[in-house]
Amino acid sequence: MKPYRVLIFDWDGTLADSTAQIVQGVQNSFCRFGWPPPAEADIRATIGLSLREALRRLCPQLDQQQTEAAIRAYQHEYFHRREQTVLFPDAGNTLQRLQQHYWLAVATGKGRRGLDAALDETDTRSFFLATRTVDECASKPQPEMVLSICDELGVHPAEALVIGDTTHDLHMAHNARSPAIALTTGAHTPAQLQTAPHLAMLDGLTSLAAWLAE
């Protein structure tokens, strides 16, 4: 096994098959106000950021009041209208295998309430020694989530491997001076991922486990 001490996973598009769910939630939120919904590709480009930062990039013309209304509408979609969170088919077994060799953690653009709900729905809370959301730390690509997890677990950032499906994850790792793996299972295309620093680009969690075992 490769000599990392902690594996820091993104959640949406990395462990959870939730990219389409997020796109639909954002579009439904805009339609609720009669606003033209952003294109799917534009929403996918912002997945992994905090919701506030994503809205700023998607619709910079929104004023503060409109932004707050859009955030509340999305939260209503997430907590009251979406289907239950589903992991990728190989996620559970992969986490169980990796837990035998590494500490596991999560760094996500979700808020705390959203991540806690997803962990409970997928029965995965026990896998992770530490979790960070945008309610505790600065949004990706800032390094604070990685550095905070490393501080809690007493490891150097170079000993933490970040695994994510967006360039935001990869830049967060780079800014923390941690290595990173890109997975092609989520929001960003291989061409987009190729623009950000990473050790390897893999097609899923099973391939990640094999890469770590090399």
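Good morning. Helix 5 passes helix 10 in a left-handed crossing. The model under discussion is a predicted one, and this helix pair is where I shall begin.

The axes of helix 5, residues 91–98, and helix 10, residues 205–213, come within 9 Å and cross at roughly 20°. Angles under 35 degrees count as roughly parallel, and the two helices are therefore roughly parallel to each other. On the side of helix 5, the contact is made by Ala91, Thr94, Arg97 and Leu98; helix 10 contributes Leu205, Thr206, Leu208, Ala209 and Leu212. By character, the residues of this contact comprise 6 nonpolar, 2 polar and 1 charged.

I turn now to the sheet. It is open and consists of 6 strands in the order 3-2-1-4-5-6, with parallel pairing. Strand 3 and strand 6, the latter spanning 200–202, stand at the edges with a single partner strand each, so one side of each has no neighbour in the sheet. From one strand to the next, the twist averages 20°. Strand 1, residues 6–9, pairs with strand 4, residues 160–164, in the parallel sense over 4 bridges. Within that pairing, Ile8 has Val162 of strand 4 as its bridge partner.

Two further helices deserve mention. Helix 7, residues 144–153, lies across strands 1, 2, 3 and 4 and runs at about 155° to strand 3. In helix 6, residues 112–122, the buried residues are Gly114, Leu115, Ala117, Ala118, Leu119 and Thr122. What do the buried residues of helix 6 pack against? They pack against helix 4 (64–81), strand 2 (103–107) and strand 3 (130–132). Helix 6 is followed by Asp123, which has a positive phi, near 55°. Thank you.

How values were computed
Residues numbered from 1 in each chain as written. Predicted model: local features only at pLDDT ≥ 70, side-chain atom pairs only at ≥ 80, totals over all residues. Heavy atoms only, no water. Axes fitted to C-alpha atoms, helices over the stretch in contact; angles between N-to-C directions. Parallel < 35°, antiparallel > 145°, perpendicular 65-115°, else oblique. Left-handed = near helix turned anticlockwise from the far one by under 90°. Contact = heavy atoms within 4.5 Å. Nonpolar A, V, L, I, M, F, W, Y, C, P; charged D, E, K, R; others polar. Buried < 20%, exposed > 50% of the residue type's maximum accessible area, 1.4 Å probe, protein only. Pairing = 2+ DSSP bridges.
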